[in-house]
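Me: I've never looked at this one before. Could you walk me through it and tell me how each label is earned?

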Amino acid sequence: MSDMIAWRPEDDPNIRPPLQEGQVYRPDILNVIETSLDGLSGELRALSLDIHDHPELRFEEKYAHDAYTAFMETHGFQVTKNHHLETAWVATYTHRQGGRVLGINSEMDALPGIGHACGHNLIGISGVAVALAAKAAMERLNIDGRVVLLGTPAEEGGFGKIMLYEKGAYDEMDVCLMCHPAPGPRHSISLTGCLALSFITVEYQGHTAHAGLSPWEGQNALDAAVLAYNNISLLRQQIKPTHRVHGIFEGKDWAPNIIPDQAKMQWLVRAPMTSEMEDTRRRVTACFEAAALASGCTAQITVTSKLNEITQNKALGDELADVVLKRYGAIDYEWGIKSASTDFGNISYLMPGLHPGFSIPTIPDGGNHTLGFTEAARSEVSHDACLVVSKALAAVGMRVLTDEAFFQKVKDTFEEDKKLRG
């Protein structure tokens, strides 16, 4: 894209990028998608604001669970509540017999203290919108197939999608689609991926002593944590700029006149590919071990979870780009959530998946996980941008259901990606 300036709230949303000429696949399907979602916009915005006004942390999304399931039941979907997990749910629609299965995800959880600062209210209603648009096209044009909308809890560090996959919630899907808001150029949709991620917990155990009377009798677990933190700060000079290492440390019953015998650290290691992340994680682990040795403490190092990078299925992505460039706006390969991580990455390793970002107007220094983004996620312009990407995703999903040659290309692309990963 030539315009690489982030979209700001004061920018005129009526100024749009020039569109490419040419026909999209099955314009009759896209016309039904657009008409249905334009008609549902008011209901979807009310649902989005309702979710935004009731932020809930991971695995606590009870209000969102009830709001989404009631909405989908009202719109003719068969709903299963508490689907494998207490706050997960699934809404399905089947037209006629046979056909492929279009999978969609709706996220629900918010962040501690800052609410929907990652825009999961928009992600949630986008999944709903794609499912409703697909249902409308299938009914109006008599298209065989099945839509499975999965309400996924705990994306923010809870690995909800991975748990649901392991319990079979994704088994019948042929592809899975979702999207994510982020800063970016005006009216752009991003096909960047994201980083692979590893969660590491480190617990140092030492020995208490009187910090003034006999400090030599202690082994200082806080010293171990500080050493590890500084080791990693120095390591950052030697890791690639696309890699990320960040963490915190904490303790219990600390006091300045007692040598601390316990310290706990939480660390995240990220890199563009899972194999790169694992290489950097080995170097980070050496920093933890060195700190234990230097302080005379013991270290328990636990890799708690791993997220894969998103593998954007190129066939699905190319189709999305074709629809966006001819009907809606611009495609971006620089913004999106490319330096963040998500449990959808694991899903994209297991089946053909597409997870575009979409830009919404944000203030300077008001990107994801800030209070500025919380406010941005409830604006009317952001809602409109969410509906645009939902229309494009619905069009991609309907091509999966209606075009056998295209679906074969999607599957072939997925298998090629698996081979490249080794």
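Me: Which residues does Ala299 touch, not counting residues up to four places away in sequence?

Reply: Glu203, Tyr204 and Ala292. Contact here means heavy atoms within 4.5 Å. Bear in mind that this is a predicted model.

Me: What makes Ala299 buried, exposed or partly exposed?

Reply: The relative accessible area of Ala299 is 34%. Buried needs under 20% and exposed needs over 50%, so Ala299 gets the label in between, partly exposed. As for its place, Ala299 is in strand β11, residues 298–307. There's also Ala224, 75 residues apart from Ala299 along the chain, with 8.9 Å separating their C-alpha atoms.

Me: And Ser41, what label does that get, buried or exposed?

Reply: Buried: Ser41 has a relative accessible area of 18%, and the cut-off is under 20%. Ser41 lies in helix α1, residues 27–53. Leaving out residues up to four places away in sequence, Ser41 touches His383 and Leu387.

Me: Let's zoom out. How many helices and strands are there?

Reply: The chain has 11 helices and 14 strands.

Me: Why is the chain called as compact as a globular protein of its length?

Reply: Its radius of gyration is 23 Å, and the globule rule gives 22 Å for 422 residues; those values are close, so the description fits. Along the principal axes, the C-alpha trace spans about 80 × 45 × 45 Å.

Me: How much of the chain counts as buried?

Reply: Buried residues make up 56% of the 422. The accessible surface of the chain is about 17700 Å², with 51% of that belonging to carbon and sulfur atoms.

Me: What share of the contacts joins residues at least 24 apart?

Reply: Taking contacts between residues at least 6 apart in sequence, 81% join residues at least 24 apart.

Me: Now the strands. Why is β3 described as largely enclosed by the rest of the structure?

Reply: Strand β3 covers residues 101–107, and 7 of the 7 are buried, so the description follows. Both faces are covered: Val101, Gly103, Asn105 and Glu107 are buried on one side, and Leu102, Ile104 and Ser106 on the other.

Me: Which strands pair with β3, and how do you know?

Reply: A pair needs at least two bridges. β3 and β4 (residues 145–152) have 7 bridges, in the parallel sense, so they qualify under that cut-off of at least two. Ser106 stands opposite Gly151 in β4, and the bridge partner of Glu107 in β4 is Thr152. β3 is also joined to β5 (residues 175–177) by 3 bridges, again running parallel. There, Ile104 has Leu177 as its bridge partner.

Me: What about β4, how enclosed is that strand?

Reply: 7 of the 8 residues of β4 are buried, so β4 is largely enclosed by the rest of the structure. β4 pairs with β2 (residues 89–95) too, over 7 bridges in the antiparallel sense. In that pairing, Trp89 stands opposite Gly151.

Me: What is the order of the strands in the open sheet?

Reply: The order of its 6 strands is β1-β2-β4-β3-β5-β13, with mixed pairing.

Me: And why are β1 and β13 said to have one side without a neighbour?

Reply: β1 (78–80) and β13 (353–354) stand at the edges and each has a single partner strand, so one side of each is left without a neighbour in the sheet.

Terms used:
Residues numbered from 1 in each chain as written. Predicted model: local features only at pLDDT ≥ 70, side-chain atom pairs only at ≥ 80, totals over all residues. Heavy atoms only, no water. Helix = DSSP H or I, 4+ residues; strand = E, 2+ residues; numbered from the N terminus. Rg over C-alpha atoms; globule rule 2.2 N^0.38 Å. Buried < 20%, exposed > 50% of the residue type's maximum accessible area, 1.4 Å probe, protein only. Areas by Shrake-Rupley, 256 points an atom, 1.4 Å probe, with all protein chains shown as cover.
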